[in-house]
Amino acid sequence: MNILMIGSGGREHALIKKLLESPKLERLYTAPGNGGISCDSICVNIPVTDKAAMVEFAKGHNIDLAFVAPDDPLADGMVDAFNEAGIRAFGPDAKAAVIEASKVFSKNLMKKYNIPTAEYEVFSTPESAVEYIENKNEFPIVIKADGLALGKGVIIAKNLAEAKAAVKSIMEDKKFGNSGNNIVVEEFLTGPEVSVLSFTDGKTVKPMVSSKDHKRAYDNDEGLNTGGMGTISPNPYYTDELAEECMKTIFEPTIKAMASEGRPFKGCLYFGLMMTPKGPKVIEYNARFGDPEAQVVLPRLKTDLIDIINAVIDEKLDEIDIEWSDEASACVIMASGGYPESYKKGIEIKGLDEKGNTDGATVYHAGTVLKDGKFYTNGGRVLGVTATAPTLDEALAKAYAAVSKINFENAHYRHDIGRTK
């Protein structure tokens, strides 16, 4: 098969490395890709949201399958555009991708179909939101922008002053643009967080192995929320009993709910879960592979990814067995100093070979560019350094040993991935 991967981050690089293991892969293109991805795939300079150019490229290069990985093009209907052009595409259509693109939609869906989640209210004016928060007077409280915000549209306010500031920044200052026209204010849930990615063809859902993301910028879960500073798999808090309960109360009901709404979800559906004292609850859905979760989950996949993709598109997921390695996996994100706020780009990265790798681990490139045989930083999250081993401790030791070999000015990473509660 000739495959076109759409995206430019660590998630896409993890998917690419997994696709390269398949004997069914003929040629692999990525649009737009990045420095490290260019070592594993033919990169094409098409903006990730340019539907017309993507379809035109696919037609002109005998593309058998387009894999739409990021949230924005999914929400904007890129899968629909490929389907209309008669090109097979992996990912939900726009009607299904709304499960991530609108927090209001997803919360209302969970309420309607009794899928366990935090109590919430929706607001379209800052005044009504602040009034509700004042009357509720329970902190911490969670304030979310309705639309897509690069995984950063969630603010946990510890007191009334922080809550008012959050409402103002989202709704009045438009920190996340039109994504903040509406907000969701919800109760703060406590308990271990678990990420579960799943394959689904709209009827059958097959959860992948669990993972744990570390969202805060600094050690001990301090600092701002980021798109993720590192991950481990499996999640130590996710037992077989909890997996069974989530299947019955969350995973299958969500797939049935979307089908009932006339929005069957085909692709990868991400469940962000909280194991609360009252049982598992949904924090959020993503309509695609999580990043950096994909960077620890995909290395454990033993079944040919192309076979799974075809089963999802053809609605034959019930006919395929998906096998996973028993090994543990750990990913440490190396980020630019200053991330997730302001940071410099264009800093040379040392310690990588000519293919962008280093000994002892797999290096997924997220924000890099390749110039004259050298890699330079080109984003907030720069590299995902991932290792697998029989135990989590061994995987973490291997990942951190590899991190110590790579350096760039003001490189920032957490030292406690896999250690925090």
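Residues count as buried under 20% relative accessible area, as exposed over 50%, and as partly exposed in between, a scale worth keeping in mind while touring this predicted model.

**First stop: Asp 307 and Lys 24**

Select Asp 307 and colour it by accessibility: its relative accessible area is 29%, which lies between the two cut-offs, and therefore Asp 307 is partly exposed. Now add Lys 24, whose side chain meets that of Asp 307 in a salt bridge with an N to O distance of 3.1 Å. The pair links distant parts of the chain, since Asp 307 belongs to helix H11 (residues 305-313), while Lys 24 sits in the loop between helix H1 (10-19) and strand E2 (27-32), 283 residues apart. Lys 24 also counts as partly exposed, at 38% relative accessibility.

**Second stop: Lys 51 and Asp 76**

Move next to Lys 51 and Asp 76, where the side chains form a salt bridge at 3.6 Å, N to O. Here Lys 51 is in helix H2 (residues 51-60), and Asp 76 is in the loop between helix H3 (71-75) and helix H4 (78-84), with 25 residues separating the two. Both ends are partly exposed, Lys 51 with a relative accessible area of 27% and Asp 76 with one of 40%.

**Third stop: Glu 315 and Lys 266**

Select Glu 315 together with Lys 266, and display the salt bridge between them, in which the closest N and O atoms are 3.3 Å apart. Because Glu 315 lies in the loop between H11 and strand E18 (328-335) and Lys 266 in strand E16 (residues 266-276), the pair ties together parts that are 49 residues apart in sequence. Glu 315 is partly exposed at 34% relative accessibility, and Lys 266 is partly exposed at 24%.

Before leaving the salt bridges, return to Lys 24 and show Asp 304 alongside Asp 307: salt bridges with shared partners join these three residues into one network. A search of the whole structure finds 21 salt bridges.

**Last stop: helices H7 and H8**

Finally, select helix H7 (residues 126-136) and helix H8 (residues 160-172), whose axes come within 10 Å and cross at roughly 160°. An angle over 145 degrees counts as roughly antiparallel, so H7 is roughly antiparallel to H8. The crossing of H7 past H8 is right-handed. To see the contact itself, show Pro 126, Ala 129, Val 130, Ile 133 and Glu 134 on H7, and Leu 160, Ala 163, Lys 164, Val 167, Met 171 and Glu 172 on H8. Coloured by class, this contact contains eight nonpolar residues and three charged ones, with no polar residues.

How values were computed
Residues are numbered from 1 along each chain as its sequence is written. This is a predicted model: local features need pLDDT of at least 70, side-chain atom pairs count only at pLDDT 80 or more; totals for chains, interfaces and linings use all residues. Side-chain values use heavy atoms; hydrogens and water are left out. A salt bridge is a side-chain nitrogen of Lys or Arg within 4 Å of a carboxyl oxygen of Asp or Glu. Helices (H or I, at least four residues) and strands (E, at least two) are DSSP runs, numbered from the N terminus. Buried means under 20% relative accessible area, exposed over 50%, partly exposed in between (1.4 Å probe, protein chains only). Axes are lines fitted to C-alpha atoms, for helices over the stretch in contact, and angles run from 0 to 180 degrees between N-to-C directions. Angles under 35 degrees count as roughly parallel, over 145 as roughly antiparallel, 65 to 115 as roughly perpendicular and the rest as oblique. A crossing is left-handed if the near helix is turned anticlockwise from the far one by less than a right angle, and right-handed if clockwise. Contact means heavy atoms within 4.5 Å. Ala, Val, Leu, Ile, Met, Phe, Trp, Tyr, Cys and Pro count as nonpolar, Asp, Glu, Lys and Arg as charged, and the others, Gly among them, as polar.
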